[in-house]
Amino acid sequence: MTGWWRPPGAASTTLERLRSADGALPDYGVTEALLNGVYYQKLQSIIRRKYDGDVRRIMEKSVGSQVDMLNLMHILRMKRYFPQEDNYLPVLLPYHYKLKPQMIHAMCAAPNAEAVLELAQQTPYGRIFDQ
């Protein structure tokens, strides 16, 4: 990688994996998911190492809920704007909090965004989607 800025550590390794032999630009959705994955992995590591008790529990809840909402938002966006896509997992964060993997897979398999919202109502976040 050339240029004036080189991403630190894990982000650099992640970006190196995206390089193609022909120099083509990487898929932006996958790139975003990989970089967000590195970010949230580092954030979780810091929370586990530096905090305990109520503060740790609150931070894990906050970050976990954020990850769940980002994954749900990505699924909804893909269903709405890229309905021809059939593999949503590469653009999702590889973490979950209250949205269990089975529910995430069911949402990815849903036929459209409306069906995803119906499934979302069955999750711990369901009351948000009742409005």
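**Close-up views of a predicted five-helix chain**

**View 1. Arg-57 and Asp-54, a salt bridge inside helix H3**
Arg-57 and Asp-54 lie three residues apart in helix H3, and are therefore separated by about one helical turn. In this predicted model, the two residues form a salt bridge whose closest N and O atoms are 2.0 Å apart. Arg-57 is exposed, its relative accessible area being 51%, whereas Asp-54, with a relative accessibility of 48%, counts as partly exposed; the cut-off that divides the two classes is 50%. This salt bridge belongs to a set of three found by a search of the whole structure.

**View 2. Glu-60 and Arg-56, a salt bridge across four residues of helix H3**
A salt bridge also joins Glu-60 to Arg-56, and here the closest N and O atoms are 3.1 Å apart. The two residues are four positions apart in helix H3, so that about one helical turn separates them. Glu-60 is partly exposed at a relative accessibility of 32%, and Arg-56 likewise counts as partly exposed, at 26%.

**View 3. Arg-80 and Glu-114, a salt bridge between helices H3 and H5**
The side chains of Arg-80 and Glu-114 meet in a salt bridge with an N to O distance of 3.2 Å. This pair links distant parts of the chain, since Arg-80 is in helix H3 and Glu-114 is in helix H5, 34 residues apart. Arg-80 is partly exposed, with a relative accessible area of 46%, and Glu-114 is also partly exposed, with 40%.

**View 4. The largest nonpolar core and the surroundings of Leu-72**
The largest nonpolar core has 20 residues, and those with the most contacts inside it are Leu-72, Ile-75, Leu-99, Ile-104, Met-107, Cys-108 and Val-116. Two or more residues of this core come from each of the elements H3, helix H4 (101-109) and helix H5 (113-120), and H5 provides the largest share, namely five residues. When neighbours within four places in sequence are set aside, Leu-72 is in contact with Leu-99, Met-107, Val-116, Ala-120 and Phe-129. In soluble globular proteins, nonpolar side chains tend to be buried together.

**View 5. The second core and the aromatic pair Tyr-39 and Tyr-40**
A second core, separate from the largest one, has seven residues, among them Tyr-40, Leu-43, Ile-47 and Tyr-95. One aromatic pair is counted in the model. It is formed by Tyr-39 and Tyr-40, whose ring centres are 4.8 Å apart and whose planes stand at 80 degrees, so the pair is edge-to-face. The two partners fall into separate accessibility classes, because Tyr-40, at 3% relative accessibility, counts as buried, while Tyr-39, with a relative accessible area of 47%, is partly exposed.

**View 6. Val-67, a buried residue of helix H3**
Val-67 is located in helix H3 and, with a relative accessibility of 2%, counts as buried. Not counting residues up to four places away in sequence, Val-67 touches Tyr-40, Leu-93, Tyr-95 and His-96; of these neighbours, Tyr-40 and Tyr-95 are included in the second core. The C-alpha atoms of Val-67 and Leu-99 are separated by 9.3 Å, although the two residues are 32 positions apart along the chain.

**View 7. A nonpolar surface patch around Tyr-51**
Ile-46, Tyr-51 and Val-55 together make a nonpolar surface patch of about 230 Å². Tyr-51 is placed in the loop between helix H2 (28-50) and helix H3 (53-81), and this residue is partly exposed, with a relative accessible area of 34%. Patch members must have over 30% relative accessible area, which is why a partly exposed residue can take part.

**View 8. The whole chain, as context for the close-ups**
The chain contains five helices and zero strands, and its elements run α-α-α-α-α from the N terminus on. Of its 131 residues, 35% count as buried. The chain exposes about 8,900 Å², of which carbon and sulfur atoms supply 55%. Among the contacts in the chain with a separation of 6 or more, residues 24 or more positions apart account for 53%.

How values were computed
Residues are numbered from 1 along each chain as its sequence is written. This is a predicted model: local features need pLDDT of at least 70, side-chain atom pairs count only at pLDDT 80 or more; totals for chains, interfaces and linings use all residues. Side-chain values use heavy atoms; hydrogens and water are left out. Patches are made of residues with over 30% relative accessible area and no salt bridge: like charges are joined within 9 Å, nonpolar side chains (Val, Leu, Ile, Met, Phe, Trp, Tyr) within 5 Å. Accessible areas come from the Shrake-Rupley method with a 1.4 Å probe; for residues, only the protein chains shown count as cover. Buried means under 20% relative accessible area, exposed over 50%, partly exposed in between (1.4 Å probe, protein chains only). Contact means heavy atoms within 4.5 Å. A nonpolar core is a set of buried Ala, Val, Leu, Ile, Met, Phe, Trp, Tyr and Cys residues joined through side-chain atoms within 4.5 Å. Rings of Phe, Tyr and Trp (its six-membered ring) pair if their centres lie within 6.5 Å; planes under 30 degrees apart count as stacked, over 60 as edge-to-face and the rest as tilted.
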